[in-house]
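Biologist: Could you take a close look at the salt bridges for me? I would love a walk through a few of them, with the cut-offs spelled out.

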Amino acid sequence: MSGESVQPQAGPSHAGFDFPYPEPIRAAIVPGGVIRRAAPAPKSWIQKVLDQIIGSPRQWVTPSEVVPVTVLAVQRYLLEDEPRDIIPNLPLYCYDVTISDGVYQEKCYLDPSLNFLIYQNILKVGIEMRISRVSCVYNEKRLGQGILCIDNVHCGETLDTVFVEIPFRNRAHGEKPDRPLRGVKSHYLALWNNEDPYGDIWLTNKQPAEYNFSDTKIIALSHLETTWFNRRTFPALLVRILQKSKLRYYGKPDKKMIEPYQTFLEVADSSGTVSVIMWNTLCPEWYKSLHVGLVLLLQDYSVKKSYPFRMPPLPADPQIKVITTMGPISELDDMPENRICDVIGLLVFVGRVQRSKKKESREDYWSYRWIHIIDGTSELPFIVELFSTSQPEIFENIYPMSYFVCTQLKVVRNDTQTPKLLYLTTTNESRVFMTGGHRGQPYTYEAKVKNFIQWIKTKTESGEVKNTVIGGYYPYPPVPETFTKYSSSVKVESLLTAMNEVKKEIEDLQYREQKRIAIQGIITVVKFIPHSSATESATASEIPWINRPSTSHDDEPMSFQSFQNASISLYTSNKVRVLQGPIAKPVIVTPPEAFLQAKGNRLFRPSIFQYRDGTSSVIQLKARRTLNERWESPLWREKRLGLIEHLHYSNVYPESIPRKFILEHKKFLIEQYNSQPAKYIPPEGKPPKLDDFQSARSLGHFEVTILGLNHEIAIDVAFLPMYSPEDLRTSQIDTLLTSMNYSCVYPQEVANNDRLPGPRAVASDIIKAAAELDKVHIIGILDICNLGNNKMEVCLHKIYRPENTY
């Protein structure tokens with residue numbers, strides 16, 4: 001007998017838990033050849049709970065022992081067969097949660113009352129969880145279908161180590177294809193949207209087949225167009241795919257339809273083009289195998305009038321030269337609103353995945369992210385609003401420094417507002433291609449594509465491709481310069497949000513949902529918070545160099561007694577000036593620690609003047625201009641103790657900070673700014689921390705307190721200006737108001753002789769501008785986002801003063 005322990009194996013292939021698999025017994029050979037039974041393997045907590053439930057007449061139990069389990073999967077599907085006329089406000093979707101106790105895995109049904117834990121990304125893969133109440137749910141339409149239902153849980157922290165090679169107690173849970181525990185629908189949905197194909201029902205290995213056309217009657221599209229209404233049967237069509245749309249899921253609880261999907265194909269033959277709709281089970285079978293340029297033989301189809309409200313895509317060239325409008329940024333300035341175009345370029349900024357709620361739906365969301373693309377024709381990038389295109393294998397793996405193509409983009413522009421609005425957004429027919437996926441695509445023959453490839457090779461070989469950025473808060477699109485224009489540009493039920501409604505607006509957000517709201521109030525406190533890992537290199541304008549006259553500091557001799565009243569900014573060098581002799585030139589030395597005195601967060605450093613003769617010493621100091629890092633209105637000191645509620649949302653989380661992209665850590669950075677996965681993915685080695693990566697924003701951030709007009713509620717929010725020493729345009733940020741209009745992340749090159757003000761100098765100027773708003777009624781535009789796990793990001797995007805309200 002082997003000396004290895006007998007490992008637990010998958011249990012019997014019954015869907016229920018009426019047939020518990022016996023616990024494994026360990027055995028070993030000891031010296032002398034005597035076989036001795038080892039201690040039994042740890043008993044499965046899952047099995048213990050099931051034993052309790054089976055013997056409970058109430059069919060629910062509080063486990064006698066609550067131990068931590070690991071969450072390995074969270075999977076979503078349509079909630080069916082529930083009495084919606086009896087039970088109000090049932091959710092559209094339900095979730096299966098796969099847990100592990102270290103001995104077995106078990107797929108469990110999450111009670112819908114706990115769905116909010118997933119909406120907030122509190123219950124997610126990779127965490128430790130304690131289950132304090134479970135029940136048994138039977139599917140009475142299936143034999144032996146007992147399901148473990150989770151009724152009450154406490155979600156813990158993310159684990160550093162997760163073991164995934166653990167068998168299912170119920171072997172049926174590990175079989176393929178993977179199917180939901182409840183309902184009659186045959187598949188899971190993507191966790192965060194309905195557009196992405198998810199799971200093993202989506203086939204990818206369809207191969208072209210040889211076909212004998214000798215006995216097949218084929219009709220031309222032009223002939224079909226003139227005769228279809230008189231036909232009962234339709235001959236085959238031989239067509240080529242010009243365009244393919246993203247998927248549309250139309251499943252509803254009351255519709256008993258398997259795999260309710262729809263997609264549009266634009267196809268053509270030598271006589272014309274036509275739209276083809278592919279329905280239901282054909283989508284999982286064919287969707288991922290179809291691509292532009294593929295030739296199809298269509299049979300067994302019906303013909304109907306086209307939908308009157310469907311916006312047809314841009315007409316495509318029958319010769320599959322689809323990227324006829326692919327052009328550089330310089331051409332984008334001349335393109336009108338809603339023009340369709342294609343772009344190719346190098347990704348230099350990839351934003352985090354965000355979500356926005358679909359109209360007329362409380363649980364359906366779009367997934368999207370912002371990206372920047374350069375092509376060598378302009379210093380400015382393409383700004384693209386990239387929605388999911390039913391290509392999760394690309395959308396979830398986009399990273400800077402990769403070659404990127406996106407087709408069928410629509411131009412969004414508004415030249416009447418300041419700053420001018422100009423970006424591209426995806427359409428239903430948009431397709432994306434990235435490094436490694438360009439081979440064989442029609443656009444590879446385009447002259448503009450070849451020019452781009454030559455340009456990027458030159459840049460790559462010379463090492464000029466740098467300063468790429470990933471993730472973080474991205475305040476785009478910018479809002480207009482007046483509130484009147486803002487009012488006409490947004491489509492919401494209520495334009496202004498009352499201060500007593502703000503908390504609910506924020507707390508109701510689901511994971512990665514981002515929206516924009518407008519509030520009224522008075523700015524009462526502004527505080528500068530430097531970035532924890534920012535390395536500040538002071539410029540000549542910041543340090544009191546001795547070899548030139550001071551241009552930004554007020555020199556004033558002071559007595560030693562008044563020394564403690566002086567204040568000097570945090571970034572002042574730990575140096576003092578020592579004069580040897582009445583007319584000697586000063587030199588810089590490091591002072592004793594006794595001369596460094598601190599009060600709060602301000603350091604006081606005296607300048608020491610010593611004379612060589614030693615008969616007398618006179619201590620003087622130079623008072624510098626104070627760079628303020630906090631401003632507080634007298635109104636705040638008067639009202640803060642009498643507030644009904646003070647909302648604190650000024651935290652800036654690691655996910656809010658854009659990071660400089662490092663190719664060697666591509667996989668980790670991609671995961672951090674993607675949506676939470678449905679199944680646990682083991683990391684490669686020990687992963688770093690997000691804070692270990694350098695911020696692309698060197699300025700830090702501000703905490704801003706806005707007091708409601710009724711002086712009853714106040715809210716703390718964050719302000720994150722996009723300041724970077726590498727971007728010359730940020731030197732124009734000199735007030736709180738003008739900085740609100742700056743929203744470009746892409747860092748530009750600067751000449752060697754360009755000198756920018758340091759972060760704290762900029763911060764001080766912004767705070768001075770805030771003081772000018774004392775007691776002024778303002779309208780604040782807030783970007784709010786749920787980052788998951790109770791982390792709410794609330795950022796001040798724009799301030800409207802009374803004079804620019806109308």
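Modeller: Happy to! Let us start with one pair: lysine 206 and glutamate 285 join their side chains in a salt bridge, at 2.9 Å from N to O. The term salt bridge here means a side-chain nitrogen of Lys or Arg within 4 Å of a carboxyl oxygen of Asp or Glu. Lysine 206 sits in the loop between β8 (146-158) and α3 (221-227), while glutamate 285 belongs to helix α4 (residues 282-286), so this contact ties together parts that are 79 residues apart in sequence. Helices (H or I, at least four residues) and strands (E, at least two) are DSSP runs, numbered from the N terminus.

Before going further, a word on the source: this is a predicted model, in which local features need pLDDT of at least 70 and side-chain atom pairs count only at pLDDT 80 or more, whereas totals for chains, interfaces and linings use all residues. Residues are numbered from 1 along each chain as its sequence is written, and side-chain values use heavy atoms, with hydrogens and water left out.

How covered are the two partners? Lysine 206 is partly exposed because its relative accessibility is 27%, and glutamate 285 is also partly exposed, at 29%. For these labels, buried means under 20% relative accessible area, exposed means over 50%, and partly exposed lies in between (1.4 Å probe, protein chains only).

The structure holds 22 salt bridges, so let me show you two others. Arginine 413 pairs with aspartate 415, where the closest N and O atoms are 3.4 Å apart. Arginine 413 is buried, with a relative accessible area of 14%, whereas aspartate 415 is partly exposed at 48%.

The other pair is arginine 640 with glutamate 632, whose side chains meet at 4.0 Å, N to O. In this case glutamate 632 counts as buried, at 18% relative accessibility, and arginine 640 is partly exposed, at 40%. These two do not stand alone: Arg630, Glu632, Arg637 and Arg640 are linked in a network of salt bridges.

To round off the charged pairs with a nonpolar contrast, Tyr211, Phe213, Ile218, Leu238 and Val295 make a nonpolar surface patch of about 410 Å². Patch members have over 30% relative accessible area and no salt bridge; like charges are joined within 9 Å, and nonpolar side chains (Val, Leu, Ile, Met, Phe, Trp, Tyr) within 5 Å. The areas come from the Shrake-Rupley method with a 1.4 Å probe, and for residues only the protein chains shown count as cover. One of the patch members, valine 295, lies in strand β13 (residues 295-298) and is partly exposed, at 45% relative accessibility.
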